[in-house]
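This briefing goes through one protein model by topic. Use it alongside the sequence and the coordinates.

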Amino acid sequence: MKNSISKRVEKSTMKLVVDAETDKVLGAAMCGPDAAEIMQGIAVALKAGATKATFDSTVGIHPSAAEEFVTMRTLTRRVSPPSKPKTNL
């Protein structure tokens with residue numbers, strides 16, 4: 001949103017990793033301007049045990065890059081656990 005409104009060409013990449021069974025946010029990543037400050041706030045939420053529903057119900061700071069973390073609504077990838085654990089036996 002920050003770059004859309006200002007017509008800047010800066011790009012950012014963001015990702016949330018969520019446990020599908022518990023809805024708990026397990027991790028987050030960001031590359032782009034202001035990433036260090038934004039990720040510090042995300043780290044506090046993760047330490048507090050935030051779920052995806054918590055992120056979804058949070059009002060984002062507008063316009064900012066940080067608001068993208070609370071407006072992610074589309075699943076982009078699902079990773080399934082292997083059906084059988086791998087062993088060296």
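Strands β1 and β2 run antiparallel and are joined by six bridges. The model is predicted. The points below cover this hairpin, the largest pocket, the salt bridges around D56, and the stretch that carries a UniProt annotation.

**The β1-β2 hairpin**

- Strand β1 spans residues 13-18, and its partner β2 spans residues 25-31.
- Two of the facing positions can be named: V18 stands opposite V25 in β2, and L16 stands opposite A28 in β2.
- In a regular strand, side chains alternate between the two faces of the sheet.
- Six residues lie between the two strands of the hairpin, and D23 is found in this loop.
- L16 of the hairpin also comes within reach of a later part of the chain: the C-alpha atoms of F69 and L16 are 7.6 Å apart, although 53 residues separate the two in sequence.
- F69 lies in the segment after α3, and its relative accessibility of 1% counts as buried, because the cut-off for buried is under 20%.

**Backbone at two aspartates**

- Most residues other than glycine have a negative phi.
- D23 departs from this with a positive phi of about 70°, although it is not a glycine.
- D23 counts as partly exposed, at 28% relative accessibility.
- D34 likewise is not a glycine and has a positive phi, of about 65°.
- D34 lies in the loop between β2 and α2, a helix of residues 35-47.
- The relative accessible area of D34 is 41%, which makes this residue partly exposed.

**The largest pocket**

- The largest pocket holds about 770 Å³ of space.
- Its lining has 20 residues, and those closest to the centre of the pocket are L16, V17, V18, L75 and R77.
- Strand β1 gives the largest share of the lining, with five residues.
- By residue type, the lining is made up of 10 nonpolar, seven charged and three polar residues.
- Two of the residues closest to the centre, L16 and V18, also have named partners in β2: A28 for L16 and V25 for V18.

**Salt bridges around D56**

- Side chains of opposite charge can pair when their charged atoms come close.
- The model has two salt bridges, and K52, D56 and R73 are linked in a network.
- In the pair of D56 with K52, the closest N and O atoms are 2.4 Å apart.
- D56 and K52 both belong to helix α3 (residues 52-56) and are four residues apart, so about one helical turn separates them.
- Where does K52 stand in terms of accessibility, buried or exposed? K52 counts as buried, at 15% relative accessibility.
- In the pair of D56 with R73, the closest N and O atoms are 3.1 Å apart. This pair links distant parts of the chain, since D56 is in helix α3 and R73 is in the segment after α3, 17 residues away.
- R73 is exposed, with a relative accessible area of 55%, whereas D56 is partly exposed, at 28%.

**Annotated stretch and a long separation**

- An unreviewed UniProt entry carries the annotation "domain: Pyridine nucleotide-disulphide oxidoreductase dimerisation" for residues 6-72.
- Over residues 6-72, helix makes up 28% of the chain and strand 19%.
- The end C-alpha atoms of this stretch are 21 Å apart.
- K7 is found in the loop between α1 (2-6) and β1.
- K7 counts as exposed, because its relative accessibility is 69% and the cut-off for exposed is over 50%.
- K7 and T54 are 47 residues apart in sequence, and their C-alpha atoms are 30 Å apart in space.

How values were computed
Residues numbered from 1 in each chain as written. Predicted model: local features only at pLDDT ≥ 70, side-chain atom pairs only at ≥ 80, totals over all residues. Heavy atoms only, no water. 1 Å grid on protein atoms, 1.4 Å probe; cavity = no way out; pocket = protein on both sides within 12 Å on 5 of 7 lines; lining within 4 Å. Points joined across faces, edges and corners; volume = space filled by probe spheres on them. Nonpolar A, V, L, I, M, F, W, Y, C, P; charged D, E, K, R; others polar. UniProt positions renumbered as here; feature names shortened; annotations may be inferred. Pairing = 2+ DSSP bridges. Salt bridge = Lys/Arg side-chain N within 4 Å of Asp/Glu carboxyl O. Buried < 20%, exposed > 50% of the residue type's maximum accessible area, 1.4 Å probe, protein only.
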